[in-house]
Each structure stands twice: as structure tokens, then as C-alpha cells.
Amino acid sequence: MTETLGVFKECNYHMENNGTEESQINPELQLLLQRLPPGIQAAFSTHSDLDSLLEIIIDLGRKPEARFAESNVTLCDSEVTQDDIDYVTSRISGFGDDNRAGIARTLHRISAIRNREGRIVGLTCRVGRAVHGTVKIIEDIIQSGKSVLLLGRPGIGKTTMLREAARVLSDDMDKRVVIVDTSNEIAGDGDIPHSSIGRARRMQVSATNKQHAVMIEAVENHMPQVIIIDEIGTELEAGAARTIAERGVQLIGTAHGNSLENLMINPTLSDLVGGIQAVTLGDEEAKRRGTQKTILERKSPPTFGVVVEIQDRYKVAVHPETAEAVDDSLRGQQPATELRWLEDGKVRVEKQEPARSSHGRGDAGERFADKRKDGPSMYLFGINRQRLEEEAAQMKLPICITDDLRTAGLMVTSKSYFRRKPQKIRDAESHGIPIYVLRTHTPMQLRHMLATMHPQANIPHPEFEPNEEHREQLAAALNEAANAAGEVLSNRENPVELNPQGAYIRRLQHLIAERNMLTSKSVGRDPHRRVMIYRDER
């Protein structure tokens, strides 16, 4: 030990004589440099720009190299020996099954390269720094409670942003944050986590193949509001992430991939953004969409609601709605993106909205999305649009049809499609969009639906004769439903049951509940079957 200290003193003296005092070096960086062989350590005395040092490469039989932000520098003319490598490994923590080690209470990471016999023949010593302010560019997003996935090339700053997110959420927002730290890279090596994570708690992972199990353990045992995870890379970890998100816990994580498109075509990790599946459409639906019969669609809701592509340390591209971005990409459209960057300490945002057709989110879509007197805008799935428009024209009824499910107030589909539950129908259900199911495509069924959509127009319906008694009955039933909806909206805790009605009137009452963002269901048996309206607190 005395000999080692003597070597360090000699190196420090060498540094002082070359104009770089030890006290000027960042204390944590100093802890890394002190683990290097004396010859390599002394070489840093000639470099004043240590703040931009990224990593140190020590490979057997080659000259040691320092990699800075803008250049690579050979540290000395002597080739690295096995003794040099052993010198470093004997002064750091043990390597895990991922061939990574660290230095206690620091953020540095040392990664090993081994030969066939398992002997270490190369080291990559990455400099770890707690950089404050990097998360400012997406701070509003992580504070919103949405699950956020960070993407970007190695070394771009994903882990640094995770670390800063942990500090902001745990200290500034007083949330219960748990970090699942597989390689001790987020919170540093050793049992005491680095101060840069704030009051967040850290769970270490004994082996990389147990990361998914620790993720689930964190939720089940420690009641976190937020879980932070670095490098989701396996199907089991992707599954664990989905389980956590479904339990209502906010996730902030990183994954292998530079962009959303990379992730979509990755069969292991595509589930993080909803997964991709091939769907075969019917002839009418394919013709309506103007596509081939077999298309790609998103399989399920994404685990992460927001995807952030880190382009450099202070510039990102944000997909604020992952589901919409994936759907747009599968349709061959450019997803809506927010470009964000830091300029003079302020966050600048530039929104890039792709051009859409008038049937989508353009003027027509916006005009119809607010459910005006023309009725809710309808998204047709497997329904002949031309036939429906002809029936509406004969009945002299205005209808609003959109090709974008996101602007629809109602989905209309057929019984056969509804039974198969393709992704579009599941999307409508998950977003609370009412679904009107037609038994057949006959003109009578279409007129039946249109009459349901426009009860105020006093249109004769197949179940009623156009006489005054039935009109009064219909008006009374609709008024009863509207009054019940008003009662429930006025903070009424108990459900309101309506008077028994036939199937047609019950459908209209359900529609009134849906238009008021309430839940309804039919209870009892005919002739006493009736509608119950209530709040869904889930």
C-alpha cells in the first residue's frame, strides 16, 4: 500500500510540474485516473481539457488511447502489458456477467474484453458525470406522468438523462422513484447510490438475465410511482415493462435503437411501441382505404406513451403520442414530431405536423370532431361508404365521415368484423369511442342506424309507426336519459336506472350516455330490461 501511495505521489508531482494541479481535476475523475497504471496516469498531465474526456481505451499490445469529444489522443508510446491491465482490475470492483465494473460512489464504468480463456485483454474506461440540466428539454413530459422511452446511439446521453429524471421526480416532485440499476451505471457502483439521483431508491440486479424479475419485484414490494430502467433489451424485459405500465406505474427507460422506426422493426422490442401485425382486409375495406388487402397494423396499445429520440445532448425529437406515430408510419405518413433544443438556457420547440387529407385531421376532421348538430363524425370499418351516403341523401340527413379514427365520435362496423376484433376496433374500445355494429349491409339496417344517429329529426324507424303516440314515447324516453345523465354528472355517486324500454329506445339511451362521457349498460330481462347510467371510476 505504501508503494502504491508513493507511485500516486510521484504522479501527482509530475502533474504539478507540467502545470496541471491535482486539485484542478474533478474529484470523481481523479478517482478513475488513480486506478490507471502510473505511466498512463501521468500522461494526462499534458491535457488540460479533461472535462471533455469520454473514455480511456487500454488494449493488450496496443498504445493506450484517450477519447475526447472532438478527438482521440494516444497517451504514450509504450504498449499496454498484461501487468497494466491487472493493475487496473485489481483496483476496481468485480466484473459482473455483463463484463462491467465500477468504482464505488462514482458513475464511471469499466467494461472488459476477454479472450477465449476468459482472461481480460482489454478495458474501456468510460467517464461518468452527473450533468445537471440535461433533462430540462423534456422536463414537462416526465412531469406529466406519461411513460417515456429514450432512444439514441451509445454515448449520446441516455443514461445521463435518466439519472437527472430520477433526481427531478424524487426531489422536485416528491415522487416515490425506484431505479432498477442493472450495471450500476445510473446510480454508481457500491451499495450507497450516487447523490445525483436525489432521493430516488436504487435496486441492484445480480445478473443481467434477472433484470425483468427485479422490475416486477420493484412494483410488488416497494410501491413506486415511477420506475426508471436502463437498456431494455430482451423480450422478458419488454413484457415486464408492459406489466408495470398496466399497473399504473410511470416508466422512464431506454432501449437499444436510434429511432422509433428502428424499434418498430425490432421483433424483440417492438411491443414497447405496440407491436406490428399483418391484417387481411375485406375487399370493400381495402377498396375504401385504397390499399392492398394485407396491411400492417399496430397490434396493441404501446407500453410507452411518449418516445424521445436523442439527437445530441441538447437536442431531441419527441413523438408525443406513440400510438399515433406508429400508425402514421405504418400508413406511410411522416409522424407528427416536436423538435426541441436548448438555446441560451431556454427550451425551443418546433412542431412538425404532417400534411393530412381533408378526411383526416384537417379542417373537415376538426369541424366534425366536436359532435355538432350533424351528429358525431363516423369512422367506417368494413362498411360501404357510397351506399351509406346514398341512404343519408334519400333521408335528407347530413352525415360526417372521417378517415381518421382519432377525430371520430363513432365507429360503424359490421358484425363479422366486430367479432374478429382487429386492431382498429380494439383502438376504438380503448379510447372510449362508441361502436355501432350493423348485422348486415342492407338499406334497412343503414336507415336504422341513421335514424338512431338523428332522433331529433323525427324520422320513422322500422320498430315504430310514425304516429303521435310513439313520438311522445320516444321523446319521453330520451328526456329521461338526458335528465339521468345530468344527475350523474352532478357528482351523483349511485347509478340511475331508467324505465324499461324496447331494444331500439335503449340503444338511443346508451348513445346519450356515451355523448356525455358516461358509462351505461342494460340490466334485467324483457319486458323489464332497462338502461342503467353511471360513472366508471376506473
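**Exercises on a predicted model**

Val306 is buried, with a relative accessible area of 2%; buried means under 20% relative accessible area, exposed over 50%, and partly exposed in between (1.4 Å probe, protein chains only). This is a predicted model, in which local features need pLDDT of at least 70 and side-chain atom pairs count only at pLDDT 80 or more, while totals for chains, interfaces and linings use all residues. Residues are numbered from 1 along each chain as its sequence is written, and side-chain values use heavy atoms, with hydrogens and water left out.

**Exercise 1. Determine which element holds Val306 and which residues Val306 touches.**

Solution.
- Step 1. Val306 belongs to strand 14. Helices (H or I, at least four residues) and strands (E, at least two) are DSSP runs, numbered from the N terminus.
- Step 2. A contact means heavy atoms within 4.5 Å. Not counting residues up to four places away in sequence, Val306 touches Ile141, Lys146, Ser147, Val148, Leu149, Val318, His319, Pro320 and Thr322.
- Step 3. Measuring from C-alpha to C-alpha, Val306 and Ile252 are 9.7 Å apart in space, and they are 54 residues apart in sequence.
- Step 4. Thr322, one of the residues touched by Val306, is buried in helix 11, as are Ala323, Ala325, Val326, Asp327 and Asp328. The buried residues of helix 11 pack against several elements, among them strand 14 (306-312) and helix 15 (423-430).
- Step 5. Just after helix 11, Gly332 has a positive phi of about 80 degrees.

**Exercise 2. Describe the largest nonpolar core and the surroundings of Ile227.**

Solution.
- Step 1. A nonpolar core is a set of buried Ala, Val, Leu, Ile, Met, Phe, Trp, Tyr and Cys residues joined through side-chain atoms within 4.5 Å. In soluble globular proteins, nonpolar side chains tend to be buried together.
- Step 2. The largest such core has 30 residues, and those with the most contacts inside it are Val180, Ile227, Leu263 and Leu272.
- Step 3. Elements giving two or more residues to this core include strand 8 (177-181), helix 7 (211-222), strand 10 (226-232) and helix 11 (322-330).
- Step 4. Leaving aside neighbours within four places in sequence, Ile227 is in contact with residues including Val178, Val180, Met215, Ile244 and Ile252.
- Step 5. A second, separate core has 28 residues, including Ile137, Ile138, Ile142 and Leu162.

**Exercise 3. State the strand order of the six-stranded open sheet and examine the partners of strand 6.**

Solution.
- Step 1. The order is 3-2-1-6-5-4, with antiparallel pairing. Two strands pair if DSSP finds at least two bridges between them.
- Step 2. Strand 3 (72-74) and strand 4 (100-102) each have a single partner strand, so one side of each is left without a neighbour in the sheet.
- Step 3. On average, neighbouring strands of this sheet are turned by 20 degrees against each other, direction ignored.
- Step 4. Strand 6 (residues 120-126) is joined to strand 5 (residues 109-114) by six bridges. Ile113 has Gly122 as its bridge partner, and Arg109 stands opposite Arg126.
- Step 5. Strand 1 also pairs with strand 6, over five bridges in the antiparallel sense; here Ile57 stands opposite Thr124.
- Step 6. Five of the seven residues of strand 6 are buried, so strand 6 is largely enclosed by the rest of the structure.
- Step 7. Helix 4 (residues 82-89) lies across strand 1 (53-59) and strand 6, at about 50 degrees to strand 6. Axes are lines fitted to C-alpha atoms, for helices over the stretch in contact, and angles run from 0 to 180 degrees between N-to-C directions.

**Exercise 4. Establish how many disulfides the structure contains, and classify Cys76 and Cys125 by accessibility.**

Solution.
- Step 1. A disulfide is a pair of cysteine sulfur atoms within 2.5 Å.
- Step 2. A search of the whole structure finds zero disulfides.
- Step 3. Cys76 has a relative accessible area of 22% and is therefore partly exposed, whereas Cys125, at 1%, is buried.

**Exercise 5. Report the confidence of the model.**

Solution.
- Step 1. pLDDT is the predictor's confidence in each residue, from 0 to 100.
- Step 2. The chain has a mean pLDDT of 82, and 86% of its residues reach 70 or more.
- Step 3. Over residues 355-374 the pLDDT is below 50, and this stretch has 36 contacts in the model beyond near neighbours in sequence.
- Step 4. Over residues 461-466 the pLDDT stays under 50, with 15 contacts beyond four places in sequence.
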